[in-house]
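The following exercises concern salt bridges, surface exposure and model confidence. Please examine the sequence and the structure before working through each solution.

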Amino acid sequence: MSSDSDAWAKACAEDLEAEKARRRAEHGAEPGSPAEEFRKLFEAVAEKLTGGLGAAAPLFGGQAAGAAAQAAETVKGLVNQAKAAVEPVIERNPEVFDHLAAAGSELLAAYRSAVEGHETRWTRGPDLDEDDPRRAAETPREPGAEDREDGGDGPVTGRPIDLD
């Protein structure tokens, strides 16, 4: 019996690996941990910053080219300092980025929930059933004698203005 379960486990593992390979071929590599993705993002931004300024230097003439090259070197130095500061933090605390990613997902879910609730209220029209309790809350009441400050019997000349 154990050989049957081992064969089944082996077949399942092979199928799983084949499916992963198919997905990698179709969609590319799966994203890494949040810490690895942050490192990749940081390196891409740093490369764009340093590469963009260095490439722009020949476009300027004379003194401007020297200033652009000096600015590029300054930015490279700042990027290297930032890398030196960020790398140890990423190495020592990769779980922090997992927590930040989870917190971001929770914030996004809360935002979506709030927006969907508002959209529902905004798009809900006057087509509520007669017995729907929301209808009473939304239907403005006609002013009557009890709404008049003087309590008189004459006709009501206007409606109260709802400033909300």
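**Exercise 1.** Determine which contact joins the side chains of Glu37 and Lys40, and how the two residues are placed in helix 2.

*Solution.* In this predicted model, the N-to-O distance between the side chains of Glu37 and Lys40 is 3.5 Å. The cut-off for a salt bridge is 4 Å, so the pair qualifies as a salt bridge. Next, consider the position along the helix: because Glu37 and Lys40 are three residues apart in helix 2, about one helical turn separates them. Finally, Glu37 has a relative accessible area of 31%, which means that Glu37 is partly exposed.

**Exercise 2.** Locate the partners of the salt bridge between Arg39 and Glu87.

*Solution.* The closest N and O atoms of Arg39 and Glu87 are 3.2 Å apart. This pair links distant parts of the chain, since Arg39 lies in helix 2 and Glu87 in helix 3 (residues 63-92), with their positions 48 residues apart. As for exposure, Glu87 shows 26% relative accessibility and therefore counts as partly exposed.

**Exercise 3.** Characterise the salt bridge between Arg23 and Glu19, and identify the network to which Glu19 and Arg23 belong.

*Solution.* First, the distance: the closest N and O atoms of Arg23 and Glu19 are 3.0 Å apart. Second, the location: both residues lie in helix 1 (residues 2-27), four residues apart, about one turn of the helix. Third, the exposure: Arg23 is partly exposed at a relative accessible area of 46%, and Glu19 is partly exposed at 29%. Fourth, the network: through salt bridges with shared partners, Glu19, Arg22, Arg23 and Glu26 are joined into one network. In the whole structure, the search finds seven salt bridges.

**Exercise 4.** Which residues form a nonpolar patch on the surface together with Leu49?

*Solution.* The patch consists of Leu41, Val45 and Leu49, whose accessible area together is about 270 Å². Leu49 is placed in helix 2 (residues 34-56). A patch residue must have over 30% relative accessible area; Leu49, at 45%, is partly exposed and so passes this cut-off.

**Exercise 5.** Establish where in the chain confidence is lowest and where it is highest.

*Solution.* Begin with the chain: its mean pLDDT is 75, and 66% of its residues reach 70 or more. Then turn to the helices: the lowest confidence is in helix 5 (residues 133-138), with a mean of 59, and the highest is in helix 4 (residues 94-123), at 87. Where pLDDT is low, the predicted coordinates should not be read in detail.

Note on methods: Residues are numbered from 1 along each chain as its sequence is written. This is a predicted model: local features need pLDDT of at least 70, side-chain atom pairs count only at pLDDT 80 or more; totals for chains, interfaces and linings use all residues. Side-chain values use heavy atoms; hydrogens and water are left out. pLDDT is the predictor's confidence in each residue, from 0 to 100. Patches are made of residues with over 30% relative accessible area and no salt bridge: like charges are joined within 9 Å, nonpolar side chains (Val, Leu, Ile, Met, Phe, Trp, Tyr) within 5 Å. Accessible areas come from the Shrake-Rupley method with a 1.4 Å probe; for residues, only the protein chains shown count as cover. Buried means under 20% relative accessible area, exposed over 50%, partly exposed in between (1.4 Å probe, protein chains only).
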